[in-house]
Amino acid sequence: MSIKLTATQLSMRFKDRVLFHIADLSIGPNDAIYLKGDNGVGKTTLLKILSGLLSPSMGSVSQSRTWWRRLWHGRAHRDVIYLHQSPYLFDDTVYQNVVYGIRYCALSAKDKRAEVITALRMVGLETLADEHVSVLSGGEKQRVAMARAWILKPSILLMDEPSASLDQESIKRLVIMAKDLLDRGSSLVITSHQSNALTALCKKQWWIKDRTLIESPLLHIVKEEQENPYVTSLSN
Ligand SMILES: Nc1ncnc2c1ncn2[C@@H]1O[C@H](COP(=O)(O)OP(=O)(O)OP(=O)(O)O)[C@@H](O)[C@H]1O
Ligand SMILES: [Mg+2]
């Protein structure tokens, strides 16, 4: 599951406006990064560039993969997945939305079903598997999107404000999935305007400030674990 993503001399500008210039950055293997910064500094733009959805004005992004990763590339796994704040779900049931990512992978129908049910159980939505997504609440839709991302076992999951409108129960469900991916060797980048149980998983901070990226270790973890036993129980 481990890949390393690196970027060098990354610049983004819209017309004459330089959004950021980042001399170098790297993600992975097995990183958990909290990306913060004021509204409009370019967090979403950076995540889209790192996932390949957007081309930078300058610079490049490259991946290093292990040989076995290269061998398995394109089968059940995806390398880098961007999880949008307002995820787009297909006009179908919860089940169909989650199974979509593994529809062509070489698992039997029974095993695919088992994977989907496991994913839905992790986000607490197994009883809604046959419901149409249009009846779901915003938080439930976010959980379906997370299940759909998890099922692909991405090497790097870029989560753009995943907890923006979620209650504690929904955040707890995302934490369970995020922690499972970290335990499998994946890396996460999480943007958020508030620290919570999800950002408490992060060991590193990226701060977009003054049009560049400042990286630092996150020292809040020990303190938050002492103050919030819930975080401790999840990280053990
Ligand atoms: N396609 C585009 N054309 C022109 N400007 C754009 C385009 N995409 C983004 N921008 C601008 O780039 C800036 C950064 O946007 P971005 O969405 O990356 O910010 P952000 O840090 O994610 O903000 P927030 O915290 O509000 O989500 C914004 O001012 C936005 O208007
Ligand atoms: Mg954004």
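**Notebook: a predicted model, element by element**

I began with burial: of the 236 residues in the protein, 37% are buried. I note at the outset that the model is predicted. I then went through the secondary structure and recorded eight helices and nine strands. For the contacts between residues at least 6 apart in sequence, I find that 74% join residues at least 24 apart.

**Entry: the nonpolar core**

I looked up the largest nonpolar core, and it has 60 residues. Val-98, Leu-158 and Leu-188 have the most contacts inside this core. In soluble globular proteins, nonpolar side chains tend to be buried together. I followed Leu-158 further, leaving aside neighbours within four places in sequence. Its contacts include Leu-47 and Leu-50, and also Val-80, Ile-81, Tyr-82 and Leu-83. Ser-51 and Val-189 are further contacts of Leu-158.

**Entry: ligand 1 and helix α1**

Which element gives the most to the shell around ligand 1? I find that helix α1, residues 43-50, does so, with three residues. The surrounding residues are Phe-14, Leu-19, Gly-37, Asn-39, Gly-40, Val-41, Gly-42, Lys-43, Thr-44 and Thr-45. By class I record three nonpolar residues, six polar and one charged in this shell.

I then took α1 by itself. Its buried residues are Lys-43, Leu-46, Leu-47, Ile-49 and Leu-50. They lie on the same side of α1, because the arc they cover around the axis is only 160°. Lys-43 thus appears twice in my notes, as a buried residue of α1 and as a member of the shell around ligand 1. Leu-47 and Leu-50, also buried in α1, are among the contacts of Leu-158. Just after α1, I note that Gly-52 has a positive phi of about 85°.

**Entry: helix α4**

I checked the length of α4, residues 109-122. This helix has 14 residues and spans 20 Å from its first C-alpha to its last, close to the 20 Å expected at 1.5 Å a residue. Glu-115, Val-116, Ala-119 and Leu-120 are its buried residues. Their arc around the axis is only 130°, so they fall on the same side of α4. I find that these buried residues pack against α3 (94-99) and α5 (138-150). On the face turned away from the buried side, I record the exposed residues Lys-110, Asp-111 and Ala-114. Gly-124 follows α4 and has a positive phi, near 70°.

**Entry: Arg-173**

Is Arg-173 buried or exposed? Arg-173 is in helix α6, residues 168-183. I count it as buried, because 21 other C-beta atoms lie within 10 Å and the cut-off for burial is 20 or more. Not counting residues up to four places away in sequence, Arg-173 touches Met-122, Val-123, Gly-124 and Arg-143. Gly-124 in this list is the glycine that follows α4. Arg-143 is 30 residues from Arg-173 in sequence, and their C-alpha atoms are 7.6 Å apart.

**Entry: Lys-204**

I turned next to Lys-204, which lies in strand β8. Lys-204 is partly exposed, with 15 other C-beta atoms within 10 Å. With residues up to four places away in sequence left out, it touches Asp-31, Ala-32, Ile-33, Glu-215, Pro-217 and Leu-218. I also looked up the pair Lys-204 and Leu-35: they are 169 residues apart in sequence and 8.7 Å apart in space, C-alpha to C-alpha.

**Entry: backbone exceptions**

Most residues other than glycine have a negative phi, and most peptide bonds are trans. I therefore listed the departures from both patterns.

Where does Gln-9 lie? Gln-9 is in strand β1, residues 3-14. Although it is not a glycine, Gln-9 has a positive phi of about 45°. I record Gln-9 as exposed, because its count is 12 other C-beta atoms within 10 Å and the cut-off for exposure is 12 or fewer.

Asp-210 is not a glycine either, and has a positive phi of about 50°. I place Asp-210 in the loop between β8 (204-209) and β9 (212-217). Asp-210 has 9 C-beta neighbours inside 10 Å and so counts as exposed.

The peptide bond between Gly-28 and Pro-29 is cis, with omega about -5°. I locate Pro-29 in the loop between β2 (17-27) and β3 (32-36).

Notes: Residues numbered from 1 in each chain as written. Chains lettered and ligands numbered in written order. Predicted model: local features only at pLDDT ≥ 70, side-chain atom pairs only at ≥ 80, totals over all residues. Near = placed C-beta within 6 Å. Helix = DSSP H or I, 4+ residues; strand = E, 2+ residues; numbered from the N terminus. Nonpolar A, V, L, I, M, F, W, Y, C, P; charged D, E, K, R; others polar. Core = buried A, V, L, I, M, F, W, Y, C linked by C-beta atoms within 7 Å. Contact = placed C-beta atoms within 7 Å. Expected span 1.5 Å × (residues − 1). Arc of directions from axis to C-beta.
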